[in-house]
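Keep the viewer open and a pencil handy. The exercises below take you through one chain, and each task comes with a worked solution.

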Amino acid sequence: MRTVDAVVIGSGHNALITAVSLARAGWDVLVAERNDEVGGATRSGEVTQPGLVHDLYATNINLFLASPAFQELEDDLARHGFRPAVSERSYSNVFPDGRSLRVYSDPQRTERLLGEHSARDLEGWRGLHERYRTFMTTLMPLYSTSLPSLRAVAGMARATRAAGVSDTLELLRTLSASTRELGDTWFETPEAKALIATWGMHLDYGPDVSGGAMFPFLETFTDMEQGIAVAEGGISRLSEALAALVREAGGEVRTGSPVTRVLTDGDRVTGVRLGDGEEIRARRAVVAGTTPTQLFGQLLSGDPAVSDTTRTRAERYRYGPGTMVVHLALDRPLRWRAEEELSRFAYVHVAPYVDDLARTYQQALAGLLPDSPLLIVGQTSQVDPTRSPDDRQVVWVQVRMLPSEIRGDAAGEITATDWDEAKEPVADRVLAKLEEYAPGARDSVLARTVFSPLDLERSNPNLVGGDSVAGSHHLWQNFFFRPWPGASTYEMPIDGLYLVGAATWPGGGTNGVSGSLCARRILQPHPYRGRMAGGAAAAALAAGAALARRGRR
C-alpha cells in the first residue's frame with residue numbers, strides 16, 4: 001500500500017493544475033485517471049481519418065490563456081509542447097437570406113461591417129463594448145477569486161470605488177439580464193441580437209434565462225479583442241504538458257487507474273481505492289476532479305462521514321441539456337453561401353435567430369430532439385493547419401441543445417429514443433442544416449464520427465447526460481452557489497477532501513481557474529476553515545447591503 005501527501009482523482013486540466021501546484025510546493029502527489037489518456041474533456045485524437053487531429057470535446061482555449069495558471073506556466077508548458085494557435089477571424093453568425101455578421105480581432109474592421117449592416121446596431125455595439133471595458137478593469141478580477149472570500153469582498157469594494165456606485169450597479173444589472181434582454185436593450189436588428197444570444201447556448205443559457213448575459217457579454221468582446229485560440233496540434237497538448245509538469249516536479253500520473261472509492265476514517269479522508277483493489281493512502285488531501293454527484297453519490301456512497309445534508313445537496317445538483325459533437329473530415333474547406341471568407345473563421349454559428357434558439361432550448365428541456373438545433377461550427381484546421389498533413393479539413397460541430405433522454409422528435413421524423421440509435425439520424429439533420437448555409441457540405445464529407453450525449457458521459461462521467469459543462473450555470477447554481485452554498489471554496493465537509501473542476505466556481509470552459517484556486521486553498525488554508533465560507537458570505541452580504549444603501553442616496 002502506497003502513501004502520498006495527496007491523491008488527485010481525474011486528469012482534467014483543472015485537476016492537473018492543482019496537482020502541479022502541490023507537487024511544486026514539495027508535496028508527494030499521485031494523479032489517478034480512469035482513461036488511458038490524460039485530459040478529461042480536454043483531449044484530442046484521430047477519430048475520422050488517419051493524420052487528422054480533432055479536439056474531441058472542448059476546443060476554445062481563450063479562457064485558459066487569460067488565466068493565472070497560464071501566466072505562471074506559459075514557458076514551462078511551451079517546453080512540453082503546448083502552444084496556442086490564434087485566429088484573427090474570430091466568429092460569425094450566418095442567416096437564411098445569405099447575410100452574415102462577422103467579428104474580427106480588428107475592432108475597426110468589425111465596427112465598419114456592423115455599421116454597414118445597421119447604424120443603430122453599431123451604436124449599441126460601441127456602448128456595450130465601453131461597458132465591457134469598465135467591467136474588465138473593475139469586476140473581472142473577481143473571476144479569478146475564490147467565492148465567497150474576504151479577497152472577493154475587497155475586490156468588489158475596489159471595483160465600486162473605481163467605477164462608482166451607479167456604474168457598478170448598471171454592470172451588475174447587465175450581467176443579470178437574459179441574452180434576449182441584453183440584445184433587445186442594445187441592438188436593433190434580429191441579426192445583431194442573435195450574434196449575442198448564440199454565445200449563451202455554449203453553456204446552458206437559453207435566450208430567456210436570467211443571468212444568461214454574463215458569458216455572452218464576455219465572449220462577444222474578448223474573442224474580438226484576442227481572437228479565438230486552439231491548441232496547436234490538438235488540445236491534448238495542454239493536458240499532456242500539464243501532466244509532464246507534475247512528473248517533472250516529482251509527482252506521479254497514472255492512466256487506466258479508475259478510483260472506485262474514497263476512503264475515510266471518522267470525519268477525515270484517508271485515501272482512495274483503485275479499480276484493481278490497490279489502496280493509496282493520502283496524508284494530507286484527496287482532490288476530486290469530479291462532479292458532486294459522482295463524488296458523494298458513488299465514491300462516498302453510504303459513507304457515514306457524509307452528512308444527510310451534504311448527500312441531499314449533492315443529489316440536488318442539476319445538469320443542463322445535452323450536447324452532441326459531430327467530427328467531420330472534409331476534402332475541402334466549407335463554402336459558405338453568405339461570404340467566401342467565412343471558410344477561414346474559427347467559429348461559424350448557425351442558429352439563425354433568437355426565437356429559433358429559444359425554441360431549440362425548450363424542445364430539449366421537454367425531451368424532444370430539436371427540429372433545427374444550433375450548430376457551432378469550428379473550422380479547426382483553418383485556425384491550426386498542423387491538424388491536417390494535406391488539403392483535408394478538420395471540422396468540429398458542437399450541436400446545442402439536445403435532450404439527455406429522448407422522449408420524442410419535434411419534427412416527427414426520428415423514431416429512435418435511444419441515443420445509440422438516434423445519433424446518426426440526428427447527425428444527418430445536422431448536415432442537412434449545414435448544407436442550407438454551406439452548399440456542397442455533405443458531398444465534401446470524407447468521414448464523420450458522432451459523439452452523442454451518451455457517448456460524452458461514457459467517456460467522461462463528469463459530463464452527465466451529455467452536459468458538456470458538468471452542471472447547470474443558472475444563477476441558483478453559480479458564483480458562490482456552485483456547487484451549493486458553503487461548498488464554493490473547494491473544501492468539502494470532510495476534513496482533507498476537496499472538489500475541483502467545472503462543477504466548482506467559476507464553472508465550465510477551459511479556464512483553469514478552479515485548479516489554481518483549489519491549490520491556493522489547500523496550500524494556504526484559512527485559519528477558520530469550515531467557518532470561513534459562512535463568514536465570508538456574511539461579509540459579502542453586508543457589503544452588498546452597503547452598496548445598495550449608497551446607491552439609494
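The exercises start with the whole chain and then move to single residues.

**Before you start**

This is a predicted model, in which local features need pLDDT of at least 70, side-chain atom pairs count only at pLDDT 80 or more, and totals for chains, interfaces and linings use all residues. Residues are numbered from 1 along each chain as its sequence is written, and side-chain values use heavy atoms, with hydrogens and water left out.

**Exercise 1. Find out how confident the predictor is, and where pLDDT stays under 50.**

Step 1: Recall that pLDDT is the predictor's confidence in each residue, from 0 to 100.

Step 2: Take the average, which is 92 for the chain, with 95% of the residues scoring at least 70.

Step 3: Go to residues 527–553, where pLDDT stays under 50. For this stretch the model has 30 contacts beyond four places in sequence, a contact being heavy atoms within 4.5 Å.

**Exercise 2. Compare the radius of gyration of the chain with that of a compact globule.**

Step 1: Use the globule rule, 2.2 Å times the number of residues to the power 0.38, with the radius of gyration taken over C-alpha atoms.

Step 2: For 553 residues, the rule gives a value near 24 Å; the chain has 23 Å, so the two agree.

Step 3: Add the extents: the C-alpha trace spans about 65 × 65 × 45 Å along its principal axes.

Step 4: Look at burial and contacts. Of the 553 residues, 60% count as buried (buried is under 20% relative accessible area, exposed over 50%, partly exposed in between, with a 1.4 Å probe and protein chains only). Among contacts with a separation of 6 or more, 74% come from residues 24 or more positions apart.

**Exercise 3. Count the helices and strands, then place His117 and Thr174.**

Step 1: The chain has 19 helices and 20 strands. These are DSSP runs numbered from the N terminus, helices being H or I of at least four residues and strands E of at least two.

Step 2: His117 belongs to helix H4, residues 107–117. His117 is partly exposed because its relative accessible area is 21%.

Step 3: Leaving out residues up to four places away in sequence, His117 touches Arg99, Leu101, Thr189 and Glu191. One of these, Arg99, is 18 residues away along the chain, with 9.5 Å between the C-alpha atoms.

Step 4: Thr174 sits in helix H7, residues 165–175. With a relative accessible area of 7%, Thr174 is buried. Its contacts, again leaving out residues up to four places away, are Arg131, Leu182, Ala213 and Phe217.

**Exercise 4. Is Ser459 buried or exposed, and which residues does Ser459 touch?**

Step 1: Locate Ser459 in helix H17.

Step 2: The relative accessible area of Ser459 is 14%, so this residue is buried.

Step 3: Beyond four places in sequence, Ser459 touches Arg34, Asn35, Arg43 and Tyr57.

Step 4: Now try a pair of residues 17 apart along the chain: the C-alpha atoms of Ser459 and Trp476 are separated by 28 Å.

**Exercise 5. Explore the loop between H17 and S20, beginning with Asn478.**

Step 1: Asn478 lies in this loop and counts as buried because its relative accessibility is 2%. Apart from neighbours within four places in sequence, Asn478 contacts Tyr205, His473 and Trp505.

Step 2: Phe479 has its place in the loop between H17 and S20 too. Its phi is near 55°, a positive value in a residue other than glycine, and at 27% relative accessibility Phe479 is partly exposed.

Step 3: Tyr490 is found in the loop between H17 and S20. Here phi is near 80°, again positive in a residue other than glycine, while a relative accessibility of 0% makes Tyr490 buried.

**Exercise 6. Where do Pro483 and Pro506 lie, and what is omega for the peptide bond that leads to each?**

Step 1: Pro483 is in the loop between helix H17 (453–459) and strand S20 (497–499). A cis peptide bond joins Arg482 to Pro483, with omega about 0°.

Step 2: Pro506 is in the loop between S20 and helix H18 (513–523). The bond from Trp505 to Pro506 is cis, and omega is near 5°.
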